[in-house]
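This note is addressed to a colleague who is opening the structure for the first time. Please keep the sequence and the model in view while reading.

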Amino acid sequence: MLGIEHFHEIAIEYQEEGGERLDASIRDALADVERLVSRLQRERAAVREAVSA
């Protein structure tokens, strides 16, 4: 066991088709990554604050 408790999946689709659908999927995936990173940073900060209180 690696100690992994959670994982998150963000996919890029339409690679075989290319074009606008692929471009939109890439944009959506990048936005999802940004949202996920922000959420995880907030959660980590909340845990640190709770532990140090």
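The numbered points below go from the chain as a whole to single residues.

1. The model under review is predicted. The protein chain contains one helix and zero strands. That helix, H1, covers residues 19-52 and includes Ser25.

2. The overall dimensions deserve attention. The radius of gyration of the protein chain is 16 Å, whereas a compact globule of 53 residues would have one near 10 Å. The C-alpha trace spans about 50 × 25 × 5 Å along its principal axes.

3. The length of H1 can be checked against expectation. With 34 residues at 1.5 Å a residue, H1 should span 50 Å, and because its end C-alpha atoms are 50 Å apart, the two values agree. Within H1, Ala45 offers a further distance: Ala45 and Arg27 are separated by 18 residues in sequence and, C-alpha to C-alpha, by 27 Å in space.

4. Burial concerns a small part of the chain: 9% of the 53 residues are buried. In H1 the buried residues are Leu22, Ser25, Ala29 and Leu36. The accessible surface of the protein chain amounts to about 4,900 Å², and carbon and sulfur atoms account for 54% of that surface.

5. Ser25 merits a closer look. Its relative accessible area is 9%, and Ser25 is therefore buried, the cut-off being under 20%. Which residues does Ser25 contact, leaving aside its neighbours within four places in sequence? They are Ala11, Ile12, Glu13 and Tyr14.

6. Tyr14, one of those contacts of Ser25, is placed in the segment before H1. Its relative accessibility is 26%, so Tyr14 counts as partly exposed. The backbone of Tyr14 should also be noted: its phi is positive, about 65 degrees, although Tyr14 is not a glycine. Most residues other than glycine have a negative phi.

7. Ala45 may be set beside Ser25, since both belong to helix H1. Is Ala45 buried or partly exposed? Ala45 has a relative accessible area of 43% and is therefore partly exposed, while Ser25, at 9%, is buried.

8. A last point concerns charge. The protein chain carries 7 positive and 12 negative side chains. The centres of these two sets lie 8 Å apart.

Technical notes
Residues numbered from 1 in each chain as written. Predicted model: local features only at pLDDT ≥ 70, side-chain atom pairs only at ≥ 80, totals over all residues. Heavy atoms only, no water. Helix = DSSP H or I, 4+ residues; strand = E, 2+ residues; numbered from the N terminus. Buried < 20%, exposed > 50% of the residue type's maximum accessible area, 1.4 Å probe, protein only. Contact = heavy atoms within 4.5 Å. Rg over C-alpha atoms; globule rule 2.2 N^0.38 Å. Areas by Shrake-Rupley, 256 points an atom, 1.4 Å probe, with all protein chains shown as cover. Lys, Arg positive; Asp, Glu negative; His and termini not counted. Charge placed at Lys NZ, Arg CZ, Asp CG, Glu CD. Expected span 1.5 Å × (residues − 1).
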